[in-house]
Amino acid sequence: MSTPGRTMRAALITAYDGPDALVVREIDEPAHDAAAVRVAVRAAGITFPDLLATRGLYQVKPPLPFAPGLEVAGVVLDAPDGSGFGAGDRVAAFLTFGGLAEVVSVDPAHVVPLPDGIGFVEGAALVVNHLTAHFALTRRGGLVPGGTVLVHGAAGGLGTASVQIARAWGAEVIAVASSEEKARLARDCGAHQVVAPDGFLDAVRGLTGGRGVDIVVDPVGGDRVTDSLRALAPEGRLLVLGFASGDIASVRTNRLLLGNSGVLGVAWAEYVRQRPGYLAEQWTQLLPRIAEGRLWPVVRGTYPLAGTADALRAIETRSALGKLVVDLT
């Protein structure tokens, strides 16, 4: 539902032809909804699902044209009574797309307060990746202090968040990074050791005295999966967070049997859509560690709304480091 006569700018996917089919247009602003929080967006994070959406490869496919964008930060315009939010509040929020627009309407269960000292760009960068990493490692992976975690793609948005979460929750962290620049970033985020993608299995065995790691965080997939399973310690867990390589690998189940190991899917967005209140519960666990400086957004690129396609291309070509954010101010 929209507000007649009130328009806003939005970056829209107009065809499933990748970032080149994304255009910025004026569209109707969403109307006041008594059950939703309306937010004036100041910044929107760019995620890998946004890129998948431009090619029709994400599991959620709204009718064309639609705005991508799963995470935003901004100022509340209006909110339902009893939601805990009011006009003027600074917030961050999670959406099922639509975030790359100047105004959004959000389920109150998916809105959280933005801490003092965290700007809108940084706030938008904290939602999807950090909460996904937290869900992956603590709920799906069962991370305990003193465990050992291997993080693939450690210099990307999800990778840097995973390194930080693992370190903040007391793990020994080994990062996989493909260049010295990416290795430096992984170390800055808290990785104790960094290894190259080529030969990472032997490197991990050497660093762990042959035991292997308790958890592998894998947003990459492809040909790394077999050696990731071999890198697991007894009763280890491989966490599948995505397929940035473009290749969905198969798993030989005999290796799971021999190692008493497991492969676990991680679909944070689906989980929070089905469980109202879980996102806020996670946020309360992150806030003290944000305040302590143990978690922070690694924003390495900001773009205007008109540059959204450029940000998506940077993710597609794997040239992006850290987190990319669209600044709508």
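What is the volume of the largest cavity? The volume is about 50 Å³, in a predicted model where local features need pLDDT of at least 70, side-chain atom pairs count only at pLDDT 80 or more, and totals for chains, interfaces and linings use all residues. Residues are numbered from 1 along each chain as its sequence is written, and side-chain values use heavy atoms, with hydrogens and water left out.

A search of the whole structure yields 1 cavity of 30 Å³ or more (a set of points on a 1 Å grid over the protein atoms alone where a 1.4 Å probe fits but cannot get out; lining residues have an atom within 4 Å of a point; volume is the space filled by probe spheres set on the points, which are joined across faces, edges and corners). Its lining includes Asn129, His130, Thr160 and Lys323. The largest share, 3 residues, is supplied by α4, and α3 and α4 (157–168) each contribute at least two residues (helices are DSSP runs of H or I, at least four residues; strands are runs of E, at least two; both are numbered from the N terminus).

An open sheet of 6 strands with parallel pairing (at least two DSSP bridges between two strands) follows the order β10-β9-β8-β11-β12-β13. Strands β10 (193–195) and β13 (262–265) each have a single partner strand, so one side of each lacks a neighbour in the sheet. Within this sheet, β8 (residues 148–151) and β11 (residues 213–218) pair in the parallel sense over 3 bridges, and Val151 has Val217 of β11 as its bridge partner.

Terms used:
1 Å grid on protein atoms, 1.4 Å probe; cavity = no way out; pocket = protein on both sides within 12 Å on 5 of 7 lines; lining within 4 Å.
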